[in-house]
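Here is a short tour of a protein chain, written for someone meeting structures for the first time. Keep the picture open beside you as you read.

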Amino acid sequence: MPGFGATLSEDDRWDLVNFSRTLSAARRARSLTSATEKTPWLLAPEFDYAAGDGRMRALRDWRVDKVVLLVLMNDRSSSERFAVLADASSRFRTAGVELIVVPAAAGETAGGALANQVVGEGVDEIRGAYAWFAGGLTDDLPASGERHTEFLIDRLGYIRARWSPARSNAWRDPAAIIGQAEALLREPLNAVPQDHVH
């Protein structure tokens, strides 16, 4: 195999390394379910975003203090789920869960209880990154964005569970998410949050 040192810059080489790592993690992520993984292994892709109040935030802002429920909405089937999450928003806050809702397309906004949890800026980037981990057990490529998917991310920034209403009823009741989140909040913080590679 010919060397590529003369044709790929250092950044290009790191992009290739990170892409290979993503492919490997995406394949392993097929095993993620709505049950919390006992051992954290999949570091959640980092992202910056602005929600309804216009303030810039980052996923890492919630580390140590909160468990994050990251919700990738779907145009056609998520309206009922949105209402359930909105109704449970105060219960999530009380339980130490930060809700981040990513609409199906950039520019969609929301009022009411979730106004400050719906992403307004960064939608395409977040959906693109998490599509790799939203796929089914037989998907070889990122999901097309058609599937409603939710991720539970622990205080160290690891994806610990994944749920889609198309697969099961496990998280239809927010109490199930809150129970898992409370268990994650009780886990000792015995590791320093990792930064992403190059």
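## Before we start

Let's begin with one useful word: contact, or touching, means heavy atoms within 4.5 Å. The model you see is predicted, so local features need pLDDT of at least 70 and side-chain atom pairs count only at pLDDT 80 or more, while totals for chains, interfaces and linings use all residues. Residues are numbered from 1 along each chain as its sequence is written, and side-chain values use heavy atoms, with hydrogens and water left out.

## The overall layout

The protein chain has five helices and seven strands. Here helices (H or I, at least four residues) and strands (E, at least two) are DSSP runs, numbered from the N terminus. Reading from that end, the order of the elements is α-β-β-β-β-α-α-β-α-β-β-α.

The chain has 198 residues, and 43% of them count as buried. Buried means under 20% relative accessible area, exposed means over 50%, and partly exposed is in between, with a 1.4 Å probe and protein chains only. About 10400 Å² of the chain is exposed, and carbon and sulfur atoms supply 53% of that area. Such areas come from the Shrake-Rupley method with a 1.4 Å probe; for residues, only the protein chains shown count as cover. Among contacts with a separation of 6 or more, 67% are between residues 24 or more positions apart.

## Two nonpolar cores

In soluble globular proteins, nonpolar side chains tend to be buried together. A nonpolar core is a set of buried Ala, Val, Leu, Ile, Met, Phe, Trp, Tyr and Cys residues joined through side-chain atoms within 4.5 Å. Which residues touch the most other members of the largest core? They are Leu70, Ile100, Tyr130, Phe151 and Ile153, out of 23 residues in that core. Two or more residues come from each of β4 (67-72), β5 (97-102), α4 (123-131) and β6 (149-153). A second, separate core has 22 residues, including Met73, Ala88, Phe92 and Trp171.

Take a look at tyrosine 130. Setting aside residues up to four places away in sequence, Tyr130 touches Ala44, Pro45, Phe47, Leu59, Leu70, Leu72, Phe151, Ile153 and Ile159. One of these partners, isoleucine 159, is found in strand β7 (residues 158-163) and counts as buried at 0% relative accessibility. Leaving aside neighbours within four places in sequence, Ile159 is in contact with Leu32, Leu42, Ala44, Pro45, Tyr130, Phe151, Leu152 and Ile153. Isoleucine 159 and threonine 36 are 123 residues apart in sequence, yet their C-alpha atoms are 9.0 Å apart in space.

## Valine 97 and the cavities

Valine 97 lies in strand β5 and is buried, with a relative accessible area of 1%. What does valine 97 touch, not counting residues up to four places away in sequence? The list is Lys66, Val67, Leu69, Phe92 and Ala181. From C-alpha to C-alpha, valine 97 and valine 67 are 4.9 Å apart, although 30 residues separate them in sequence.

Val97 also helps to line the largest cavity, along with Ser89, Phe92, Arg93, Glu98, Leu99, Leu114 and Gln117. On a 1 Å grid over the protein atoms alone, a cavity is a set of points where a 1.4 Å probe fits but cannot get out, and lining residues have an atom within 4 Å of a point. Grid points are joined across faces, edges and corners, and a volume is the space filled by probe spheres set on the points. The count comes to two cavities of 30 Å³ or more. The largest holds about 50 Å³ of space, and α3 (89-95) and β5 each supply at least two residues of its lining. The second largest has a volume of about 30 Å³, and its lining includes Leu59, Trp62 and Ile153.

## Two loop residues

Valine 64 is found in the loop between β3 (56-58) and β4. The phi angle of valine 64 is near 75°, a positive value in a residue other than glycine. At 35% relative accessibility, valine 64 counts as partly exposed.

Glutamate 46 lies in the loop between β1 (42-43) and β2 (48-50). Is glutamate 46 buried or partly exposed? At 25% relative accessibility, glutamate 46 counts as partly exposed. The C-alpha atoms of glutamate 46 and tyrosine 130 are separated by 10.0 Å, with the two residues 84 apart along the chain.

Methods. 1 Å grid on protein atoms, 1.4 Å probe; cavity = no way out; pocket = protein on both sides within 12 Å on 5 of 7 lines; lining within 4 Å.
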